[in-house]
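This report looks at how two helices pack against each other and at how one strand is placed among its neighbours.

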Amino acid sequence: MPHLRALQRIADRNGGNRAHGTRGYAQSVAYVRHALERAGFRTELRHFSYNGADGYNLIADWPGGDPRHVLLTGAHLDSVPAGPGVNDNGSGSAAVLATALKVAESRLKPARHLRFAWWGAEEAGLIGSAHYVRSLSASEREAIDLYLNLDQAGSRNTRQWFVVNDAQHGESAGFQAFQAWFAARGLATFDVGVGGSDHESFGNAGIPSSGFSTGISDCIHDACDTLANVDPATQTTSTNALVAVVWQLAATYAHTSPRS
């Protein structure tokens, strides 16, 4: 929630949004990057251009782990021009940031190499994540065991979590880990395919993915997608789920399903 409050303040002082190509987006990236670098992450801005404006993906690597086996976790950081996008997708971005900072706080020594990402221009059509995937060499794509995506992690009136089931690419570890975590707490889930958010960019390149969403909120793509549009209890549950699954999947890559 502190990260969501920061993103709301950024939108408030930049015309009410954090959209691609705006100062609101640039300041959102700067906020996340500053927190990561203070915690010991190696960060990189990946530039792209879209619709006559500069865009950026923020990539953060945690030292250690096998670089031939990468667990990549990400969320889009941009909003639509109409509103601040605190649930869509400040909530996913904040959960990914909180997870990364917990990795640093715990001085985690993972078996897999851990990478975290915040994508630009998702609202314009998955532009940032697609650019990142296209920029990877064949060996870099092959090194990504799994991509985990969060989009809208704090929707109000959440009754079930929508978990990505990427059976098409032989992925089961992430899907099963999320399903088990929610089931152990008596929380309902519904499995969905690959599409509708940045995991689609990875699926298009044959990279296995999972992740989840709490569903579309009432204020999606509107000026009312403010801090008041996020349920703190749901946001906490989503973040805890992500932390737990990242910990589990970071520990080993022995059970990674083969790619089809």
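What follows describes a predicted model, taking the helix pair before the strands.

Helix α1, spanning residues 2-12, and helix α2, spanning residues 23-39, have axes that come within 9 Å and cross at roughly 150 degrees. Because angles over 145 degrees count as roughly antiparallel, α1 is described as roughly antiparallel to α2. The crossing of these two helices is right-handed.

On the α1 side, the contact is made by Pro 2, His 3, Ala 6, Leu 7 and Ile 10, which meet Gly 24, Gln 27, Ser 28 and Tyr 31 on the α2 side. In terms of character, the residues of this contact divide into five nonpolar and four polar, with no charged residue among them.

The second topic is strand β4, which covers residues 112-119 and in which eight of the eight residues are buried, so that the strand is largely enclosed by the rest of the structure. Its pairing with strands β2 and β3 is set out below.

| Strand paired with β4 | Bridges | Direction |
|---|---|---|
| β2 (residues 53-61) | four bridges | antiparallel |
| β3 (residues 66-76) | eight bridges | parallel |

Individual positions can be placed within this arrangement: Asp 61 stands opposite Arg 115 in β4, while Thr 73 stands opposite Phe 116 in β4. Strand β4 is thus joined to β2 in an antiparallel manner and to β3 in a parallel one.

Notes: Residues numbered from 1 in each chain as written. Predicted model: local features only at pLDDT ≥ 70, side-chain atom pairs only at ≥ 80, totals over all residues. Heavy atoms only, no water. Axes fitted to C-alpha atoms, helices over the stretch in contact; angles between N-to-C directions. Parallel < 35°, antiparallel > 145°, perpendicular 65-115°, else oblique. Left-handed = near helix turned anticlockwise from the far one by under 90°. Contact = heavy atoms within 4.5 Å. Nonpolar A, V, L, I, M, F, W, Y, C, P; charged D, E, K, R; others polar. Buried < 20%, exposed > 50% of the residue type's maximum accessible area, 1.4 Å probe, protein only. Pairing = 2+ DSSP bridges.
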